[in-house]
Every structure is written in structure tokens, then in C-alpha cells.
Amino acid sequence: MRLSSLLKPQRTLIGVDLGAHSMKALQLTPACNAVEHAAAVDTPPELRADPQARLRWQFEHLPELIKQGKFTGKRAAIAVGAERTIVENLAIAKAQGVNTTDMLNEKLRAATGLEPNTLVVRHEEVADVARNGAKSTETLCFAIPRAIVKEHMRALKKCGLDTVGVHCEHAAIARATRACQGDTEDAATLFLDLGTTGVRAVVTQGEHLIAARTIAADLSEVATPPQVLAPPGTDGSPVTMPSPSFMGSSPLDDVAEELGQLVRYCAAVRADAPVKSMVFVGGHSMSDTLCTDLAKRVRLPAHAADPLSLFPWAKKPGAGAPNTDDPKPAWTVALGLCLSPTDL
């Protein structure tokens, strides 16, 4: 199934994001032009770095989140965490008489060691390329184990909700950030969701996905503002300890290296649309220190964005909803789910 198809939901739905820092639920108005309901419940800090324990806790407290938001209707879409999503860019050879799906499944089996019938797979054709005289189609694949999909559907069912979509975080980010792109006719944009447990990277051109990647990294220390220490310096002023990102080795070294590889891959398969800019979303995108340092390392012009700020509030938010005046880049995945296809 193509990710770019059926982008507008038939009716309003509840988007549920089980983020590491907090789980969030969002619902737009039927016209999808304003926020109608929103709620969030923070994850205990000691569980945020433990995906299994965190998910168990979130499933247990999901009914609390739904009740708190006073959502209307029962149709819901949920995101499966990036750590449980397989992301692969595969070259699918063009061969007469050979089914594309069969070729895709064989490539996926070779890349993951998993049987395709145990996975829910979505793919997007990126570009036709030629290597050594052989033609193939570069294809971006997202695969989630069926058992995990069913687990998320059962969690929604316990809340009295009907699951109409189960999506990966990367696709939700791509849908939420389309309005944040500039002129994309001859360029692609690298969107980075800077979260508690790492980075979700998505490269898009207009409505088309080109590449995606999950980069595990602990960004919490890097995102911390510089610390003022005592005693004061010799001139009487406080001594400021630089952020860890400017002190030798940093988690951003590995992040920047993987992003460089991603940018070079995009240039190789889509020379007509090179990556020319970078946009930060996610909770840690509010750290100027982190964003500035990462932009310097990747050597791309960059800025932070807040996709949900483009949607007004239809009414005063209730308890548990974010303050309407505060930046809400951490709500990017939840917004993307509300704009996703209902394909279940």
C-alpha cells in the first residue's frame, strides 16, 4: 500500500501517540482545520528508557488518557514506536513477469531475517535507478510485527475505541510536517523528530517520502542548557560550564554521522531533489543548544518548527491538554496520526 495514498481521513479520529516522555491523544474538528480535544499523561521518568516496561505502563493507563480528553466518537489511530518499527531502503529489481510484492518480500526477508507474513508492511517507491546496467526501484519500507500491531489494537479496544489505523512514527511525522516545507519543487527537506530516546529522521519532497531512519541516542544531557557553577570567576562573574555537546565526544557525533549518510543516499537516488534544509520537531527541538550544534555538524540550514501551532483551538482546552500559548513540537506524531489514512 502506498503511504501517499488516502491522506485525508473520511471523518475525524483520535490520534494516540505513545511517546517516551508522555503519551498524548489529539482530535481535530471534522474539517481537520482546528484542534477539538487533547490530553497528555506523563510517563514515569524511570520507565522512559525501558521500552517494554514503558509500554506496559502506558497500556495500563491509556483509559485514563482517553477519559481525561473527553474525546468524541470511537475511531482511533495509534503509532507504534520507532524502536519497534523496521525501516529499510531496498532496491527492487525490475524483472518481467515477476510480482513486485514477491520481490519486496524476498528483499525484506533477507534484510531482517523475518518472514514477511509475520509483518505488516507499507512501502513507498522512491526512484528508478540503474546500477551496472541493471534497473531497479529504490523502495522505502516500513514493517511492524503483526503481534505488536495486534497488541496496540487490543489496548485501544480496552478503552472502548475502534482501531482504524496503526502507523509508524516516521509516516506520522511526514504527514504532520508537510505544511512546514518551503518550495519543494527541486529540493527535499530533512525532518528530525528529536525525542527522549533518539531521533526519527524523515526526508520528504512535497507529499513523497524519500528516506527514513531511526537513530538511538540519549539526547537528554545534550539538550540541557549550560550550567552556572560556583564559585565565581576571577572577574567576579559566574563560571558557565559549556553544554556537553561542545565538550569532546558527544551523542551528536553518531547522530550527525548517520544523518550525513542519509543525506548522501538521498543525493544518490534523487539527484533532482537534493536535501537542502533541515527542520527540527519533537520535544527536544525546544533546546537551542541541541539544534544549533546538530545543524553545525550536519552543515545544513535549519530551523525548529511547531506543526500543531498551525491549527487553532476550536474551544478552550480541558484539563490535561497543553497550554494553547506554549510551543507544542512534541505533539507532531499525534497530529500526523489525525491526518493519516484510515486503512484498517
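Mentor: Two strands are taken to pair if DSSP finds at least two bridges between them. The model under discussion is a predicted one.

Trainee: How many helices and strands does the secondary structure of the protein chain come to?

Mentor: The protein chain has 344 residues, of which 53% count as buried. Among its contacts with a separation of 6 or more, 68% are accounted for by residues 24 or more positions apart. The secondary structure comes to seven helices and 15 strands.

Trainee: In what order do β5, β6 and β7 stand in their open sheet?

Mentor: The pairing in this sheet of three strands is antiparallel. β5 (86-93) and β6 (119-131) each have a single partner strand and therefore stand at the edges, with one side of each left without a neighbour in the sheet. From one strand to the next, the twist averages 25°. The order is β5-β7-β6.

Trainee: Over how many bridges do β6 and β7 pair?

Mentor: Two opposed positions illustrate the register: Arg122 faces Phe142 in β7, and His123 faces Cys141 in β7. Strand β7 covers residues 134-145, and its pairing with β6 is antiparallel. The number of bridges between β6 and β7 is twelve.

Trainee: Which residue in the hairpin of β6 and β7 takes a positive phi?

Mentor: Most residues other than glycine have a negative phi, and most peptide bonds are trans. The hairpin has two residues between the strands, and a positive phi near 55° occurs there. The residue that takes this value is Asn132.

Trainee: Which helices pack on the sheet, one touching β5, β6 and β7 and the other touching β6 and β7?

Mentor: The helix that touches β5, β6 and β7 spans residues 100-112, and its direction makes about 130° with that of β5. The helix that touches β6 and β7 spans residues 146-158, and its direction makes about 45° with that of β7. They are, respectively, α2 and α3.

Trainee: Is β4 largely enclosed by the rest of the structure or largely open, and how many of its residues are buried?

Mentor: Both faces of β4 are covered: Arg75, Ala77 and Ala79 are buried on one side, and Ala76, Ile78 and Val80 are buried on the other. β4 (residues 75-80) is therefore largely enclosed by the rest of the structure, the number of its buried residues being six of the six.

Trainee: With which strands does β4 pair in the parallel sense?

Mentor: One pairing has three bridges, and in it Val16 stands opposite Ile78 in β4. The other has six bridges, with Arg75 standing opposite Asp162. The partners are β1 (residues 14-18) and β8 (residues 162-168).

Trainee: How are α5 and α6 oriented to each other?

Mentor: Their axes come within 9 Å and cross at roughly 45°, and α5 passes α6 in a right-handed crossing. Angles under 35 degrees count as roughly parallel and those of 65 to 115 as roughly perpendicular. The crossing angle falls in neither range, so the two helices are oblique.

Trainee: How do the residues of the contact of α5 with α6 divide into nonpolar, polar and charged?

Mentor: From α5, the contact involves Leu252, Asp253, Val255, Ala256 and Leu259. These meet Leu290, Asp293, Leu294, Arg297 and Val298 in α6. The division is seven nonpolar, no polar and three charged.

Trainee: What covers the buried residues of α6?

Mentor: In α6 (residues 288-298), the buried residues are Thr289, Leu290, Cys291, Asp293, Leu294, Ala295 and Val298. Among these, Leu290, Asp293, Leu294 and Val298 also take part in the contact with α5. The covering elements include β9 (188-194), α5 (251-269), β14 (275-281) and β15 (302-304).

Trainee: Which residue with a positive phi follows α6?

Mentor: The residue lies in the loop between α6 and β15. Its relative accessible area is 74%, so it counts as exposed, for which the cut-off is over 50%. With a phi near 65°, it is a residue other than glycine. It is Arg299.

Trainee: What value is phi of Lys70 near?

Mentor: Lys70 has its place in the loop between α1 (51-69) and β4. Lys70 is exposed, with a relative accessible area of 66%. Its phi is positive although the residue is other than glycine, and the value is near 50°.

Definitions and conventions:
Residues are numbered from 1 along each chain as its sequence is written. This is a predicted model: local features need pLDDT of at least 70, side-chain atom pairs count only at pLDDT 80 or more; totals for chains, interfaces and linings use all residues. Side-chain values use heavy atoms; hydrogens and water are left out. Helices (H or I, at least four residues) and strands (E, at least two) are DSSP runs, numbered from the N terminus. Axes are lines fitted to C-alpha atoms, for helices over the stretch in contact, and angles run from 0 to 180 degrees between N-to-C directions. Contact means heavy atoms within 4.5 Å. Buried means under 20% relative accessible area, exposed over 50%, partly exposed in between (1.4 Å probe, protein chains only). Angles under 35 degrees count as roughly parallel, over 145 as roughly antiparallel, 65 to 115 as roughly perpendicular and the rest as oblique. A crossing is left-handed if the near helix is turned anticlockwise from the far one by less than a right angle, and right-handed if clockwise. Ala, Val, Leu, Ile, Met, Phe, Trp, Tyr, Cys and Pro count as nonpolar, Asp, Glu, Lys and Arg as charged, and the others, Gly among them, as polar.
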